[in-house]
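Dear colleague,

I am passing on the structure below, and after it you will find an account of what turned up when I went through it. Please read the text with the coordinates open beside you.

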Amino acid sequence: MLDITETYLRDQLMERRQKLESTAKVAGTQGGIADLLEEVDAALARMDAGTYGLCESCHDTIEKDRLLADPLVRLCLDHLRPDQRRALERDLELAAQIQRGLLPEANLGFAGWSVSYHYLPLGLVSGDYCDLLTRENGATSLLFALGDVSGKGVAASMLMSQLHAIFRTLAAMDLPAEALVERASRVFCEATMSSFFATLICGRADSSGAMELCNAGHCPALVVQQGKVTRLEATGVPIGMFSNGCYTTRQVQLAPGETLFLYTDGVSEARSYADEEYGENRLTEFLARQTPLPPEPLIRACLEDLNTFRSGQPLLDDLTMMAIQRGS
Ligand SMILES: [Zn+2]
């Protein structure tokens, strides 16, 4: 196990120990508190003995994201008892339901823009972040965000929820995009382990067709204009890497019918049966040929092209795409 993860988990366990002890002082040790204390102490003892994070049945390493979600787990996924497995499946289904509840409206029209997206988790939950917010604070604007938290599974999905909360809180302050990303990065850095980060692209579009865009280490944004695609590369590092990260905003002007296309690397890094990568070039060329399509059929067409390319080959990562088009 990575030392940094173990240090983090030890801190988590020590913190739990303290809380349990102070609860026990007030409430006594009934209600399973004594059992929990015992479990925490046993986990700390396993850390000292160097056996922490190893499955008690097969001695293989336990999935890291499960340890991060619950530092007390002692069995790998393959060796859970049937009742434990069912409980885990219920938890995951609930987590997926909560995550679906965080998604914005599927097809949104606002301030002369129409937006469509497709959000596809690899498993039940996703580490991709996809958001849309409408603001009517003097000026009318549409805020959009697409991000990708490092890692996969439960831990990534928990950080995705955190990113959602951070972005929503900061969005209410009507900051310029680069200030929003800078602050989000600082908060994300302080709230998470240093081994986690997220790429994020976010921006604001107003009814004049003007758009500001800040790209923190994410795949390039693609501006689709009459059969021509322009790539807008990242202008800063992913958020959560450095608390003093510096970001710049790019201004773009879109004419009626022109589209901004955003995606996560689950799209560009999808692989075919022949183990070929879908790639950004293929996506760019495909988009250039679809110019007049509105967002919803455009997303559908992209998915079809990707599925044809994969020809049944399983996806390797969470996948999200979003199309934002200025109305004509
Ligand atoms: Zn096992």
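I begin with the charged side chains, where Arg17, Glu21 and Asp41 are joined to one another in a network of salt bridges. Please keep in mind throughout that this is a predicted model, and that the values below are computed from it.

Over the whole structure, the search returns 15 salt bridges. One of them pairs Arg10 with Asp48, whose side chains meet at 3.3 Å, N to O; since Arg10 belongs to helix H1 (residues 3-27) and Asp48 to helix H2, this pair ties together parts that are 38 residues apart in sequence. The two partners differ in their surroundings, in that Arg10 is partly exposed with a relative accessible area of 30%, whereas Asp48 is exposed, at 59%.

A further salt bridge is formed by the side chains of Asp174 and Arg135, at 2.8 Å, N to O. Here Asp174 sits in the loop between helix H5 (153-171) and H6, while Arg135 is part of strand S3 (residues 128-137), so that the contact ties together parts lying 39 residues apart in sequence. Asp174 is partly exposed, its relative accessible area being 29%.

There is also a salt bridge between Glu233 and Arg231, for which the closest N and O atoms are 2.3 Å apart. Glu233 counts as partly exposed at 37% relative accessibility, and Arg231 is likewise partly exposed, with a relative accessible area of 38%.

As for the overall build, the protein has 9 helices and 11 strands, and its C-alpha atoms fill a box of roughly 65 × 50 × 30 Å along the principal axes. Of the 328 residues in the protein, 46% are buried.

The metal site may be of particular interest to you. Which atoms does the protein offer to the zinc ion as donors? They are the SG atoms of Cys55, Cys58 and Cys76 together with ND1 of His79, and they lie 2.1 to 2.4 Å from the zinc ion. The arrangement counts as tetrahedral because the angles subtended by the 4 donor atoms around the zinc ion run from 92 to 126°, and the cut-off for that label asks that all angles lie between 85 and 135 degrees. Along the chain, the donors follow the spacing C-x2-C-x17-C-x2-H. Within this set, Cys55 and His79 link distant parts of the chain, 24 residues apart, with Cys55 in the loop between helix H2 (33-49) and helix H3 (64-69) and His79 in the loop between H3 and helix H4 (82-101). Cys55 is buried, with a relative accessible area of 1%, and Cys76 is buried as well, at 4%, whereas His79 is partly exposed, at 31%.

On the remaining cysteine chemistry, how many disulfides does a search of the whole structure find? The search finds 0 disulfides. Cys219, for instance, is in no disulfide, and the nearest cysteine sulfur, which belongs to Cys302, is 14 Å away. Cys219 is nonetheless buried, with a relative accessible area of 16%.

Two residues deserve a look at their backbone angles. His59, although not a glycine, has a positive phi of about 65°; His59 lies in the loop between H2 and H3 and is exposed, with a relative accessible area of 56%. Ser311, also not a glycine, has a positive phi of about 40°; Ser311 is found in the loop between helix H9 (295-310) and strand S11 (319-326) and is partly exposed, at 43%.

Finally, I come to some nonpolar side chains. On the surface, Val237, Met241 and Phe242 make a nonpolar patch of about 250 Å². Met241 belongs to the loop between strand S8 (228-232) and strand S9 (250-253), and it counts as partly exposed at 37% relative accessibility. Leu180, by contrast, is buried, with a relative accessible area of 1%, and lies in helix H6 (residues 177-191). Leu180 and Tyr247 are separated by 67 residues in sequence, and in space their C-alpha atoms are 9.5 Å apart.

With kind regards

Technical notes:
Residues numbered from 1 in each chain as written. Predicted model: local features only at pLDDT ≥ 70, side-chain atom pairs only at ≥ 80, totals over all residues. Heavy atoms only, no water. Patch = residues over 30% accessible without salt bridge, like charges linked within 9 Å, V, L, I, M, F, W, Y side chains within 5 Å. Areas by Shrake-Rupley, 256 points an atom, 1.4 Å probe, with all protein chains shown as cover. Salt bridge = Lys/Arg side-chain N within 4 Å of Asp/Glu carboxyl O. Helix = DSSP H or I, 4+ residues; strand = E, 2+ residues; numbered from the N terminus. Buried < 20%, exposed > 50% of the residue type's maximum accessible area, 1.4 Å probe, protein only. Donors = N, O, S within 2.8 Å, 3.2 Å for Na, K, Ca; no water. Tetrahedral: all angles 85-135°; square planar, octahedral: opposite > 155°, others 65-115°. Disulfide = S-S within 2.5 Å.
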